[in-house]
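Please find below a note on the model under review. The points are numbered so that each may be answered separately.

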Amino acid sequence: MADIIYSYGGKPYLNITNQCPCACVFCIRGQAEGLGSAANLWHHADPSWEEIETALAAFDFSGAGEVVFCGYGEPFCALDHLRRAAVWLKEHFPALKLRVNTNGLGDLIYQRDTSKDLAGLVDTVSISLNAPNAALYQQICRCAYGEAAFGAMLLFARHCKEVYPNVIFSVVDVLSEETLSECRALASSMGIPLRVRRRA
Ligand code: SF4
């Protein structure tokens, strides 16, 4: 059975879905079955809320400063479970900080503005910028929504900035220095910090 919660870099991570509308060229899912403390992050079927709650209750969160929603899938694909898990964590461990790592495509997945769905629960929203323009974004992310995805992701990020204490863009260090500079300029123009993360 796949792990719903695993430890990676000293932090607990929640792996609540394997669904994702993208197929990013750098995605860790194509390279290994598991990550960190998890031998396997592929669910036979996405976990039910009861299974997620059982995993939350069984996990030792003592000493954890931050919990991250990020597994082998896009957390917003399981938005109801994401929200319920965030509520559960804030009720049981009010001091815990919560972060969601997302591709920022929740609005396209649900065809509505999803930026406020985790308001008051999540402290940090980290959004995968991945590229400085729609064409390159689509080459890298191979998104089911096509080139419309890039603009939707940017709009989601703009909305999130009004809602969450911390909003971050991320790119993976597979980009050329020139493309990275363009990403930095775009992020800066939106007033959102950019984190360059190493390919896992
Ligand atoms: S958005 Fe995340 S989970 Fe989905 S393919 Fe890209 S890297 Fe993988």
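**Notes on the predicted model**

1. Burial. Of the 200 residues in the protein, 52% are buried. The model is a predicted one, and every value in this note is to be read accordingly.

2. Overall dimensions. The radius of gyration of the protein is 16 Å, which agrees with the value near 16 Å that a compact globule of 200 residues would have. Taken along the principal axes, the box filled by the C-alpha atoms is roughly 45 × 35 × 30 Å.

3. Secondary structure and contacts. Six helices and seven strands are present in the protein. Their order, starting at the N terminus, is β-β-α-β-α-β-α-β-α-α-β-α-β. Among the contacts in the protein with a separation of 6 or more, 78% join residues that are 24 or more positions apart.

4. Ligand site. Which residues surround the ligand? They are Cys20, Cys22, Ala23, Cys24, Phe26, Cys27, Arg29 and Asn103. Sorted by class, this shell holds six nonpolar residues, one polar residue and one charged residue. Cysteine is counted here as nonpolar, a convention that the reader should keep in mind for Cys20, Cys22, Cys24 and Cys27 in the shell. The ligand takes up the space of the largest pocket.

5. Thr114. This residue lies in the loop that runs between helix 3 (106-110) and strand 5 (124-128). Is Thr114 buried or exposed? Its relative accessible area is 0%, so Thr114 is classed as buried. Leaving aside residues up to four places away in sequence, Thr114 touches Phe76, Leu79, Gly106, Asp107 and Phe156.

6. Gln111. The loop between helix 3 and strand 5 also holds Gln111. Most residues other than glycine have a negative phi. Gln111, although not a glycine, has a positive phi of about 55 degrees. Its relative accessibility is 63%, and Gln111 therefore counts as exposed, the cut-off for that class being over 50%. Within this loop, then, Gln111 is exposed, whereas Thr114 is buried.

7. Arg142. A positive phi is likewise found at Arg142, which is not a glycine; the angle is about 45 degrees. Where is Arg142 placed? Arg142 belongs to the loop between helix 4 (134-141) and helix 5 (148-161). With a relative accessible area of 46%, Arg142 is partly exposed, since that class covers values between the 20% and 50% limits.

Note on methods: Residues are numbered from 1 along each chain as its sequence is written. This is a predicted model: local features need pLDDT of at least 70, side-chain atom pairs count only at pLDDT 80 or more; totals for chains, interfaces and linings use all residues. Side-chain values use heavy atoms; hydrogens and water are left out. A residue is near a molecule or strand if one of its heavy atoms lies within 4 Å of it. On a 1 Å grid over the protein atoms alone, a cavity is a set of points where a 1.4 Å probe fits but cannot get out, and a pocket is an open set with protein on both sides within 12 Å along at least five of seven lines; lining residues have an atom within 4 Å of a point. A molecule sits in a cavity or pocket if more than half of its atoms lie within 2 Å of its grid points. Helices (H or I, at least four residues) and strands (E, at least two) are DSSP runs, numbered from the N terminus. The radius of gyration is taken over C-alpha atoms; the globule rule is 2.2 Å times the number of residues to the power 0.38. Buried means under 20% relative accessible area, exposed over 50%, partly exposed in between (1.4 Å probe, protein chains only). Contact means heavy atoms within 4.5 Å.
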